[in-house]
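These are my notebook entries on one structure, set down in the order in which I looked things up. The structure itself is shown first.

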Amino acid sequence: MRKGKLTGLSDKASDAVLVVLCTLVMLVVAYPLYYVLIASVSDPYDVYAGKTFLLPSQFTLQGYVSVFAEEKILTGYWNSIKYTVVGTIFSVVMVYITAYPLSRRSLPGRKWISIFFIITMYFGGGMVPTYLVVKETGLLENMWALFLPGGVAMGNVIIVRNFFENSIPHELIEAAEIDGANHFTTFIRIVVPLSRSIMAVMVVFSMVAYWNDWFTALIYLNSKQAPLPLVLRNILIRSEVSASQSSTVSGGYAELNKVTEMIKFASIIVAAAPMLVIYPFVQKYFEQGFMSGAVKG
């Protein structure tokens, strides 16, 4: 009895330690974003003076007003939504149709094909050859330039392939084939419905990547096609240039530099808000799918 009682106390103590550790980790991860949020509605000089550790100081929305006063901000939002939706669908489809054949042991040359794909994770042509390929294929100023050159992320393919191998019973696929189902029917009616959790992982990975991608758009697209991160970058650059040009005016630099700092913080929140809203809805599937796909087959 005493041993059982001590074991029970030990379990409770372990749970308490785990709760404390998880709370600390959560605070460490969440506080930087919270800090940026309160800094975006505070006076920048109070931020740098350390007066906004927990609460805003001299509450102001000037940073958000300056950001949304830009006429291209709504166009940038629409472009980012369009690129994210199209790019996510394209990438997930490409990852799935690449990972499924590689998960089949009956695929001829499966080992060598896998090695060929893995090589692309470590070696690439570089920016200039890629630009020349995009130019020669007529994809400049075309949104498909954002998707086609990197449509298949081999890291994601490996995760999905491992999921197919370890989480979908091979006997189930064999039974479908015995019943007369071809590879396409088996893939659509059995594999895809049973892999919704790993699909959620791929959706999150792709959405975050496309939503935050501004450099690819800077290289291949024109100003009218700019996504939100690129629009925010341009707003910040113009604000910094205006502040530096006003340095000869008495009091002008200080005021414009103040606005520039507020725009910095506001831009981070404006760019991150959509992903923060979406993530809680797929968190459960994300955790399940990522752990299953991480198991080595």
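**Entry 1. The cavity.** I began with the enclosed space, and I note that the model is predicted. The largest cavity is lined by S80, Y83, L146, F147, Y210, D213, A217 and P227. I recorded its volume as about 60 Å³. Sorted by character, the lining residues of this cavity are six nonpolar, one polar and one charged. I then asked how many cavities of 30 Å³ or more a search of the whole structure finds. The search returned one.

**Entry 2. The overall fold.** I next looked up the secondary structure, which comes to 13 helices and zero strands. Along the sequence the pattern is therefore written with α alone, as α-α-α-α-α-α-α-α-α-α-α-α-α. The protein has 297 residues, and buried residues make up 35% of them.

**Entry 3. The largest pocket.** I turned from the enclosed space to the open one. The largest pocket has a volume of about 470 Å³. Its lining counts 27 residues, and T130, L148, P149, G150 and G151 are the ones nearest the centre of the pocket. Which helices each supply at least two residues of this lining? I found helix 4 (73-103), helix 6 (127-136), helix 10 (196-212) and helix 11 (215-220). Helix 6 gives the largest share, with five residues. By character, I noted 16 nonpolar residues, 10 polar and one charged in the lining of the largest pocket.

**Entry 4. Aromatic pairs.** I then went through the rings. A pair of aromatic rings is described by the distance of the centres and the angle of the planes. The count for this structure comes to 14 aromatic pairs. One of them joins Y77 and W211, with 6.1 Å from centre to centre and 50° between the planes, and is classed as tilted. This pair links distant parts of the chain, since Y77 belongs to helix 4 and W211 to helix 10, 134 residues apart. I also looked up the surroundings of W211: its relative accessible area is 3%, so W211 counts as buried.

F116 and F117 gave another geometry. Their ring centres are 6.0 Å apart and their planes stand at 70°, so I entered the pair as edge-to-face. Are the two residues buried or exposed? F116 is exposed, because its relative accessible area is 56%. F117 is partly exposed, with a relative accessibility of 24%.

I also noted one aromatic cluster formed by Y96, Y100, F163, F164 and F187. As a separate ring contact, K111 lies over the face of W112, 5.7 Å from the ring centre.

**Entry 5. Helix 9.** F187, a member of the aromatic cluster, led me to helix 9, residues 183-191. Within helix 9, T186, F187, I190 and V191 are buried. Why do I say that these buried residues line one face of the helix? Seen down the axis of helix 9, they fall within an arc of 110°, so they share one face. An α-helix has 3.6 residues a turn, so residues three or four places apart point the same way. On the face turned away from the buried side, I found the exposed residues F184 and R189.

**Entry 6. Backbone angles.** I checked phi next. Most residues other than glycine have a negative phi. Which residue in the loop between helix 2 (44-48) and helix 3 (62-68) did I enter here? The residue is Q58, which has a positive phi of about 55° although it is not a glycine. Q58 is exposed, as its relative accessible area of 54% is over the 50% cut-off. I made a second entry for E141, likewise not a glycine, with a positive phi of about 60°. E141 is placed in the loop between helix 6 and helix 7 (154-167).

**Entry 7. I38 and T52.** My last look was at I38, which is found in helix 1, residues 2-40. I38 has a relative accessible area of 4% and is therefore buried. How many residues apart in sequence are I38 and T52? They are 14 residues apart in sequence, and their C-alpha atoms are 7.1 Å apart in space.

Methods:
Residues are numbered from 1 along each chain as its sequence is written. This is a predicted model: local features need pLDDT of at least 70, side-chain atom pairs count only at pLDDT 80 or more; totals for chains, interfaces and linings use all residues. Side-chain values use heavy atoms; hydrogens and water are left out. On a 1 Å grid over the protein atoms alone, a cavity is a set of points where a 1.4 Å probe fits but cannot get out, and a pocket is an open set with protein on both sides within 12 Å along at least five of seven lines; lining residues have an atom within 4 Å of a point. Grid points are joined across faces, edges and corners, and a volume is the space filled by probe spheres set on the points. Helices (H or I, at least four residues) and strands (E, at least two) are DSSP runs, numbered from the N terminus. Ala, Val, Leu, Ile, Met, Phe, Trp, Tyr, Cys and Pro count as nonpolar, Asp, Glu, Lys and Arg as charged, and the others, Gly among them, as polar. Rings of Phe, Tyr and Trp (its six-membered ring) pair if their centres lie within 6.5 Å; planes under 30 degrees apart count as stacked, over 60 as edge-to-face and the rest as tilted. Buried means under 20% relative accessible area, exposed over 50%, partly exposed in between (1.4 Å probe, protein chains only). A charge sits over a ring if NZ of Lys or CZ of Arg is within 6 Å of the ring centre and within 35 degrees of the ring normal. The arc is that of the directions from the helix axis to the C-beta atoms.
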